[in-house]
Amino acid sequence: MNGYVEAGYVVVLGTLGTYGVTLVARERSARRRVGAGSNKARNAAGVGAPAPVGVGAPAPAGAGTPAPAGAGTPAPAGAGTPAPAGAGTLVPQGDASAREHRAVEEEGPGSTPRAMSP
Amino acid sequence: MSTPPPAVQSGRVAVALRVLGVTALVGVATTVWLGLFVTPPDEFMGNLVRLLYVHPPMAWVAFLAYGVASLASLLYLWPRTRAERFDRLAGASAEVGVVFTGLTLVSGSIWGRPTWGAWWVWDPLLTTTALLFVLYLGYLALRRVPGELHVRARRSAIAALIAFIDVPIVYLSVEWWRSLHQAPTVLNPTTHKTYVHGSMAWTLLLGFVSFTLVYIWLTAHRYRLAELQDLEDTEGLDVALAERRAEAVAG
């Protein structure tokens, strides 16, 4: 052939290949960052963090029952002290008893927990 | 904590994308093999005809990408169907469309140099295609202008619809104005005849199908990337809020 044809194919396939590989790499890197970000947010919020062994501090208002010692990651600084309602909980997210407790606190006995209501 | 959107979570989507990617790759490889080694040279263009197994599919995919972007933009603007996913789809499709438009221009230029004796001529088709490229580059730039999510999405959607006006102009420019570029050969809109036959026609058809699959694969990945970036932004906000709360508690 004459060089132009080969050049055309190289440019087209090379560009598409490079773009595709770059997209996949960026997607993987974003996925890793999102995963890391989730853990960071979890730790910062104290969600899923255990009560430090021996601290025995009262659960913050609206937080429900304290999490079992040794579960999850260490609590951030400030955990275990009284917190504003709903903030810095010591209860794993999705804990049914905590949801129920919060709903009862907020809406009175016999109310349906918000997260479970249809 | 925000929940990952379904497309990010689903393993089935990932498997489907992988299958699509492999199919597209096989299709492109077969097109290249047929185009370079199996099909005969053209009576007038000689071996240069081999470039046409990739050039028209590039242009078709660019049109398709802009069509999808416009449809998604329209769905975003329509209050009943307004959803972030349409904005993401429009952005993803337009970006892939810009890549294909660039490749249309470059592959056409490489074909034009030995055929017309010039890398570039200010022909109506070439000029309107270059305009299309610039219009959608502008659209992508507009998407990066900071602003509230829905404000940015709305102005981008309007811009995508305005830019799409150029697509039929590009396609019909060879009919409307005196052009150096040849009229459509696969299906001529005036004569309703096809001017490509035999192995050349099949190779070209395979090229159209394969590069369309490549477009779908690229757009799906670009969409997923946009979804993850949005999620990352939301999580960044969550982290900042949680840290502030922790500071307030500590203080």
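Which residues in H2(B) meet which residues in H8(B)? The legends below start there, and every view comes from a predicted model.

**View 1. Helix H2 of chain B packs against helix H8 of chain B.**
On the H2(B) side, look for B:Leu17, B:Leu20, B:Gly21, B:Thr23, B:Ala24, B:Gly27, B:Val28, B:Thr30, B:Thr31, B:Leu34, B:Gly35 and B:Val38. Facing them from H8(B) are B:Ser199, B:Thr203, B:Leu206, B:Gly207, B:Val209, B:Ser210, B:Leu213, B:Val214, B:Ile216, B:Trp217 and B:Ala220. Sort these contact residues by class and you get 13 nonpolar, ten polar and no charged. H2(B) covers residues 11–38 and H8(B) covers residues 198–250, and their axes come within 8 Å, crossing at roughly 150°. That angle makes H2(B) roughly antiparallel to H8(B), since anything over 145 degrees counts that way. The crossing of H2(B) past H8(B) is left-handed.

**View 2. Helix H3 of chain B crosses helix H6 of chain B.**
Here the two axes come within 9 Å, and the crossing angle is roughly 135°. H3(B) and H6(B) are therefore oblique to each other. As H3(B) passes H6(B), the crossing is left-handed. From H3(B), the contact takes in B:Tyr66, B:Ala69, B:Ser70, B:Ser73, B:Leu74, B:Tyr76 and B:Leu77. H6(B) answers with B:Ala153, B:Arg154, B:Ala157, B:Ala160, B:Leu161 and B:Phe164. The tally for this contact is ten nonpolar, two polar and one charged.

**View 3. H6(B) also meets helix H5 of chain B.**
The axes of H5(B) and H6(B) come within 9 Å and cross at roughly 175°. With that angle, H5(B) and H6(B) are roughly antiparallel to each other. H5(B) brings B:Leu135, B:Tyr136, B:Tyr139, B:Leu142 and B:Arg143 to the contact. On the H6(B) side are B:Arg152, B:Arg155, B:Ser156, B:Ala159, B:Ala160 and B:Ala163. Together they split into seven nonpolar, one polar and three charged residues. Keep an eye on B:Ala160, which appears in the contact with H5(B) and also in the contact with H3(B).

**View 4. B:Thr128 sits in helix H5 of chain B.**
Is B:Thr128 buried or exposed? B:Thr128 has 21 other C-beta atoms within 10 Å, so this residue is buried. Leaving out residues up to four places away in sequence, B:Thr128 touches B:Asp166, B:Ile169, B:Val170 and B:Ser173. For a sense of scale, pick out B:Thr31 from View 1: B:Thr128 and B:Thr31 are 28 Å apart, C-alpha to C-alpha, and 97 residues apart in sequence.

**View 5. The largest nonpolar core holds 68 residues.**
Within this core, B:Ala65 and B:Tyr215 have the most contacts. Helices from both chains chip in: H1 of chain A, plus H2, H3, H4, H5, H6, H7 and H8 of chain B, each supply at least two residues. H8(B) gives the largest share, 15 residues. Zoom in on B:Tyr215 and you'll find B:Val61, B:Leu64, B:Ala65, B:Val96 and B:Phe100 touching it, not counting residues up to four places away in sequence.

**View 6. A:Val34 of helix H1 in chain A touches residues of chain B.**
H1 of chain A covers residues 4–45, and A:Val34 is found there. What does A:Val34 touch, leaving aside residues up to four places away in sequence? The partners are B:Leu228, B:Leu231, B:Glu232 and B:Glu235. A:Val34 counts as buried because 20 C-beta neighbours lie inside 10 Å, and 20 or more is what a buried residue needs.

**View 7. The two chains, for orientation.**
Chain A has two helices and zero strands, and 29% of its 118 residues count as buried. Chain B has eight helices and zero strands, and 39% of its 251 residues count as buried. The C-alpha trace of chain B spans about 85 × 40 × 35 Å along its principal axes. Take contacts in chain B between residues at least 6 apart in sequence: 79% of these join residues at least 24 apart. In chain A, residues 24 or more positions apart account for 60% of the contacts with a separation of 6 or more.

Conventions:
Residues numbered from 1 in each chain as written. Chains lettered and ligands numbered in written order. Predicted model: local features only at pLDDT ≥ 70, side-chain atom pairs only at ≥ 80, totals over all residues. Axes fitted to C-alpha atoms, helices over the stretch in contact; angles between N-to-C directions. Helix = DSSP H or I, 4+ residues; strand = E, 2+ residues; numbered from the N terminus. Parallel < 35°, antiparallel > 145°, perpendicular 65-115°, else oblique. Left-handed = near helix turned anticlockwise from the far one by under 90°. Contact = placed C-beta atoms within 7 Å. Nonpolar A, V, L, I, M, F, W, Y, C, P; charged D, E, K, R; others polar. Buried ≥ 20, exposed ≤ 12 C-beta atoms within 10 Å, placed from the backbone. Core = buried A, V, L, I, M, F, W, Y, C linked by C-beta atoms within 7 Å.
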